[in-house]
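Me: I should like to understand the reasoning behind the terms used for this structure. Please set each value against its criterion.

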Amino acid sequence: MKFYRVNVEEREALGSYTLLRYRWNGPVEPGQFVMARTAGYPITLDPFLARPFSFYDHDGGVASFLFEVRGRGTALLDAASSIEVTAPLGKRFRIELGLGRAALLGGGIGVAPLKILGRHLDAMGVPHDVFLGFADAAASVVAKDFPGAEVATMDGAVGTRGTVLNASGALTNYGAIYSCGPNSMLAAVKLAAGKNSLCQLSVEERMGCGNGSCNGCVVPVHGGYVRSCIEGPVFDAEVLAW
Amino acid sequence: MVVRVQETGVDLEVELFGIPLRTPLIPASGTLSKEALDEVEGVYGAMLPKTTTPVARVGNPPPRVAETPAGMVNSIGLQNPGVERFLQDLEVFDLGIPLFVSVAGDTVAEFASLCEILSGVERISAVELNLSCPNVECGGLAFCAGASSVEELVVACRSIVGNKPILAKLTNEGVVENARAAEAAGADGLTVINTLPALTIDARTRKVLVRGGLSGPAIKPVALRAVYDVSGVVDVPVVGSGGVASGTDVAEFMLAGATAVQVGTTSFVRDPQEILAEFTAYLKESGLGASQLTGAVRSPDPGVPVPRPKPVHKSSRH
């Protein structure tokens with residue numbers, strides 16, 4: 001896979017998360033992701049693989065992604081002045097007009113693709129509400145970037161106590177539902193969405209390659225597994241066998 | 001950047017059991033999907049898609065991959081659509097270069113039936129036997145767990161695959177004995193080696209993360225020794241595989257005795273075009289053609305300057 005070296009324009013600490021901005025003129029659609037790693041010569045051996053991140057936003061030639069430092073790979077991303085990226089990868093969120101109001105539900109680091117999705121929905125005149133769930137107050141800092149969003153925290157420190165579904169309440173009045181977060185949360189959103197609305201879920205999976213070659217990042221569908229990097233990461237909810 | 005002989009004046013071509021390959025590079029089975037083929041134009045001397053089995057396999061439940069220093073552990077479970085569907089879609093893998101097909105089955109009879117099916121497909125130039133899968137008739141031990149098992153399998157496939165060359169892909173354990181057995185049974189070449197048995201554990205959840213095969217640069221010295229040892233005792237060509245990450249690695253595997261070299265896991269993190277460009281630079285500096293490298297490390301007088309090509313790495317901004 002071909003990677004491109006880019007300079008980090010800005011790194012913003014947002015509580016538990018870091019928002020990293022870099023110059024990127026290529027096309028980016030909401031829901032697509034980037035494989036990123038620190039620059040090595042010619043590759044890095046530890047960490048060896050790049051990491052997948054949903055695009056957080058893309059505007060004026062600057063792309064960004066949100067991450068949490070969880071291991072060596074993300075710790076290095078949190079410090080590097082230049083990184084290597086390959087993008088845009090994967091399937092985007094599908095936006096359909098005429099469905100009425102949309103609900104956007106994000107959990108933890110999974111709030112990331114809802115930022116760029118919200119921008120596209122605004123541009124297309126699709127009214128929408130945003131609901132964000134976090135473990136605690138430190139994780140919820142990023143919510144300031146989502147004006148008007150309803151927030152829930154598991155410990156009740158910020159917003160509603162509980163999950164994102166405690167913040168949103170019933171979803172059956174929405175014509176479209178978009179969500180990204182841990183699989184358990186997405187399964188709950190799928191259940192709450194019912195069957196009458198467009199429901200698109202962006203999954204978070206461990207990845208090897210990001211280009212469909214290794215078959216490592218699969219999710220269960222009816223009849224087997226499909227790759228989240230090629231067939232996803234955005235899936236129609238009914239496709240997923242949860 | 002596509003490296004071509006005409007542009008570089010370097011002879012990259014090798015011959016593998018009579019089949020000319022325009023470069024000695026082959027993608028390792030299961031590491032190059034049809035979606036990624038656009039990225040590798042001009043890199044490979046032969047195409048080798050993911051292992052095919054008689055019927056579709058859904059593969060193992062996730063997690064299937066875990067990163068390790070200089071490598072990764074995978075346990076995919078040979079997810080594939082089965083040979084019938086594979087052959088229907090065969091043309092997507094037609095890059096205008098020889099097409100090798102990797103096969104696996106649960107029994108000797110399944111391997112043989114695959115070989116019989118493929119023997120009638122003209123577009124397929126050679127068959128690679130994936131001997132690392134479990135033999136259900138032998139309590140789930142891998143086909144390459146013993147020389148007699150290797151021999152039985154290769155004999156059965158050789159007799160039915162017609163005039164197509166057979167590559168036996170061996171794991172590191174017992175590789176020299178198994179190589180001898182495969183050659184005696186009629187294998188036309190040997191792919192050395194497959195992934196190494198490995199385990200990763202998540203200390204946080206106190207659970208096994210992935211129990212599978214280790215690949216990547218971490219296993220290169222192991223693979224290099226296997227290629228060196230095997231090529232010293234067999235006459236059939238050896239295809240080196242295991243942790244190849246640079247043009248210098250390609251050269252090392254060939255010097256150790258490989259006729260061709262597979263690139264696998266590293267293609268996830270590096271543009272294989274860069275690996276070919278580095279290898280081309282190595283040849284240019286040494287004044288040798290690719291085929292002259294094979295086994296040269298055993299020559300009493302290598303008689304060539306020692307080139308030190310710089311890694312090729314294209315930086316660009318988008």
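Me: What makes α5 and α6 of chain B oblique to each other?

Reply: The model is a predicted one. In it, helix α5 (residues 175-184) of chain B and helix α6 (residues 220-231) of chain B pack at an angle of about 45°, and their axes are 9 Å apart. Angles under 35 degrees count as roughly parallel, and 65 to 115 as roughly perpendicular. The angle of about 45° belongs to neither class, and α5(B) and α6(B) are therefore called oblique. Their crossing is right-handed.

Me: Which residues bring α5(B) and α6(B) together?

Reply: From α5(B), B:Val175, B:Val176 and B:Ala179 take part, and they meet B:Ala226, B:Asp229 and B:Val230 of α6(B). By class, this contact has 5 nonpolar residues, no polar ones and 1 charged.

Me: Why are α4(B) and α5(B) described as roughly parallel or as oblique?

Reply: Helix α4 (residues 147-158) of chain B and α5(B) cross at roughly 25°, and their axes come within 8 Å. The limit for the parallel class is under 35 degrees, so the pair α4(B) and α5(B) is roughly parallel. The crossing of α4(B) past α5(B) is right-handed. On the α4(B) side the contact is made by B:Ala147, B:Val150, B:Glu151 and B:Val154, and on the α5(B) side by B:Glu177, B:Asn178, B:Ala181, B:Ala182 and B:Ala184. These residues of the contact of α4(B) with α5(B) divide into 6 nonpolar, 1 polar and 2 charged.

Me: How do you know whether A:Asn215 is buried or exposed?

Reply: A residue is buried if 20 or more other C-beta atoms lie within 10 Å of its own. A:Asn215 has 27 such neighbours, and therefore counts as buried. A:Asn215 lies in the loop between β12 (198-202) and β13 (218-221) of chain A. Its phi is positive, about 60°, although A:Asn215 is not a glycine.

Me: What makes B:Ala70 count as buried or exposed?

Reply: The threshold for a buried residue is again 20 or more. B:Ala70 has 21 C-beta neighbours inside 10 Å, so B:Ala70 counts as buried. The loop between β4 (65-68) and β5 (71-74) of chain B holds B:Ala70. B:Ala70 is not a glycine, yet its phi is positive, near 60°.

Me: Which members of the largest nonpolar core touch the most other members?

Reply: They are B:Leu129, B:Ala168, B:Leu190 and B:Val227, in a core of 184 residues. Helix α8 (residues 272-286) of chain B gives the most to this core, namely 7 residues. Beyond its neighbours within four places in sequence, B:Val227 is in contact with residues including B:Val192, B:Val238, B:Phe253 and B:Ala256.

Me: Where are the cis peptide bonds before A:Pro42 and A:Pro47, and what are their omega values?

Reply: The bond from A:Tyr41 to A:Pro42 is cis, with omega near -5°, and the bond from A:Asp46 to A:Pro47 is cis, with omega near 5°. A:Pro42 is in the loop between β3 (33-38) and β4 (51-59) of chain A. A:Pro47 is also placed in the loop between β3 and β4 of chain A.

Me: How many residues of chain A are in contact with chain B?

Reply: There are 32 residues of chain A in contact with 36 residues of chain B. β1 (4-14) and β14 (224-227) of chain A each supply at least two residues of the chain A side. The largest share comes from β1(A), with 3 residues. By class, the chain A side has 17 nonpolar, 9 polar and 6 charged residues.

Note on methods:
Residues are numbered from 1 along each chain as its sequence is written. Chains are lettered from A and ligands numbered from 1 in the order in which they are written. This is a predicted model: local features need pLDDT of at least 70, side-chain atom pairs count only at pLDDT 80 or more; totals for chains, interfaces and linings use all residues. Two residues are in contact if their C-beta atoms, placed from the backbone, lie within 7 Å. Helices (H or I, at least four residues) and strands (E, at least two) are DSSP runs, numbered from the N terminus. Ala, Val, Leu, Ile, Met, Phe, Trp, Tyr, Cys and Pro count as nonpolar, Asp, Glu, Lys and Arg as charged, and the others, Gly among them, as polar. Axes are lines fitted to C-alpha atoms, for helices over the stretch in contact, and angles run from 0 to 180 degrees between N-to-C directions. Angles under 35 degrees count as roughly parallel, over 145 as roughly antiparallel, 65 to 115 as roughly perpendicular and the rest as oblique. A crossing is left-handed if the near helix is turned anticlockwise from the far one by less than a right angle, and right-handed if clockwise. A nonpolar core is a set of buried Ala, Val, Leu, Ile, Met, Phe, Trp, Tyr and Cys residues joined through C-beta atoms within 7 Å. A residue is buried if 20 or more other C-beta atoms lie within 10 Å of its own, exposed if 12 or fewer, and partly exposed in between; C-beta atoms are placed from the backbone.
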